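The following account leads through the packing and the charged pairs of one protein model. Please keep the sequence and the coordinates at hand while reading.

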Amino acid sequence: REPQVVAGIGHDLAEVLFGVAAEGDQGVGDAAAHLPFLVGERLDQLVPRLWQHRLTLVVAPAGSGKTTLLAAWAGLADAPAAWYRAESVDGSEERLVAHLGAAFAVVVPDLEPAWRSVDQAAQLLDERPEARLLLVIDDLHALTGTPAEVALERFLDNAPPSLAVVAGTRVAPSFNLSRRRVTGEILELSGDDLRFRPWEVERLF
């Protein structure tokens with residue numbers, strides 16, 4: 001497939017994330033529309049911490065709200081937010097780099113997107129004047145066990161401090177997570193963090 005990005009992030013999150021209530025079931029739709037916001041009030045407080053870690057990893061099952069959370073963070077971040085949704089066909093470093101370049105080109109003006117390697121990508125981003133950049137990777141599990149996953153970890157190791165990377169995945173990647181935990185380079189969230197707390201349920205009803 002050709003490199004694709006979500007260009008609407010931050011513009012109309014309500015429509016993108018929550019859809020439209022089913023016809024004739026407006027009450028249920030209204031309640032459902034509030035679900036992400038209740039949990040989001042708690043999780044959105046983590047946005048300022050994204051740049052304190054090289055990687056923020058959200059590991060949770062399908063349907064748990066990972067994409068909703070990532071998109072909300074992208075909309076709240078006071079920084080250009082590049083969005084990349086990984087697919088199984090993106091298993092090579094070449095394809096990964098092409099998608100990353102296309103994603104950043106949408107939000108960073110005058111950026112040369114024709115990157116040849118993740119090392120070049122990290123270097124060019126390091127030369128950017130932006131004080132902060134955000135890279136959001138959805139469905140990271142699609143790259144599990146591929147050269148692209150290996151290349152992505154190398155990109156993380158070489159990326160400038162101005163870049164925060166947030167990834168949603170169903171399974172933990174094959175990165176050296178132990179080292180990142182020891183050095184404080186990673187912030188980890190699980191499916192439990194995306195579930196309602198008792199006080200959130202009370203507010204809903």
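In this predicted model, a suitable place to begin is R154, which is partly exposed with a relative accessible area of 29%. Its partner is D119: the two residues form a salt bridge in which the closest N and O atoms are 3.1 Å apart. D119 belongs to helix α5 and R154 to helix α6, so this pair ties together parts that are 35 residues apart in sequence. D119 is likewise partly exposed, its relative accessible area being 34%.

Helix α6 also takes part in a second such link. E153 forms a salt bridge with R180, the closest N and O atoms lying 3.5 Å apart. Since R180 lies in helix α7 (residues 177-183) and E153 in helix α6, the pair ties together parts that are 27 residues apart in sequence. Are R180 and E153 buried or exposed? Both are buried. The two residues also belong to a network, in which salt bridges that share partners join R54, E153, D157, R179, R180 and E185.

The structure holds 11 salt bridges, and one of them pairs R95 with D90. The side chains of R95 and D90 meet at 3.6 Å, N to O. The accessibilities of the two partners may be taken in turn. R95 counts as partly exposed because its relative accessibility is 28%, whereas D90, at 0%, counts as buried.

From the charged pairs, the description turns to the nonpolar interior. The largest nonpolar core has 34 residues. Which of its members touch the most other members? They are L96, F104, W115, L135, I137, F155 and L163. Helices and strands both contribute to this core: at least two residues come from each of the strands β1 (55-59), β2 (81-85), β3 (133-138) and β4 (163-169), and from each of the helices α4 (93-107), α5 (118-126) and α6 (147-158). Helices α5 and α6, which hold D119 and R154 respectively, thus each supply residues to the core as well.

L96 offers a closer view of the packing. With residues up to four places away in sequence left out of the count, L96 touches Y84, D90, V118, L143, A148, A151 and L152. D90 therefore appears in two settings, as a contact of L96 and as the buried partner of R95 in a salt bridge. A second core, separate from the largest one, comprises 22 residues, including V47, V58, L70 and A77.

Methods
Residues numbered from 1 in each chain as written. Predicted model: local features only at pLDDT ≥ 70, side-chain atom pairs only at ≥ 80, totals over all residues. Heavy atoms only, no water. Core = buried A, V, L, I, M, F, W, Y, C linked by side-chain atoms within 4.5 Å. Buried < 20%, exposed > 50% of the residue type's maximum accessible area, 1.4 Å probe, protein only. Helix = DSSP H or I, 4+ residues; strand = E, 2+ residues; numbered from the N terminus. Contact = heavy atoms within 4.5 Å. Salt bridge = Lys/Arg side-chain N within 4 Å of Asp/Glu carboxyl O.
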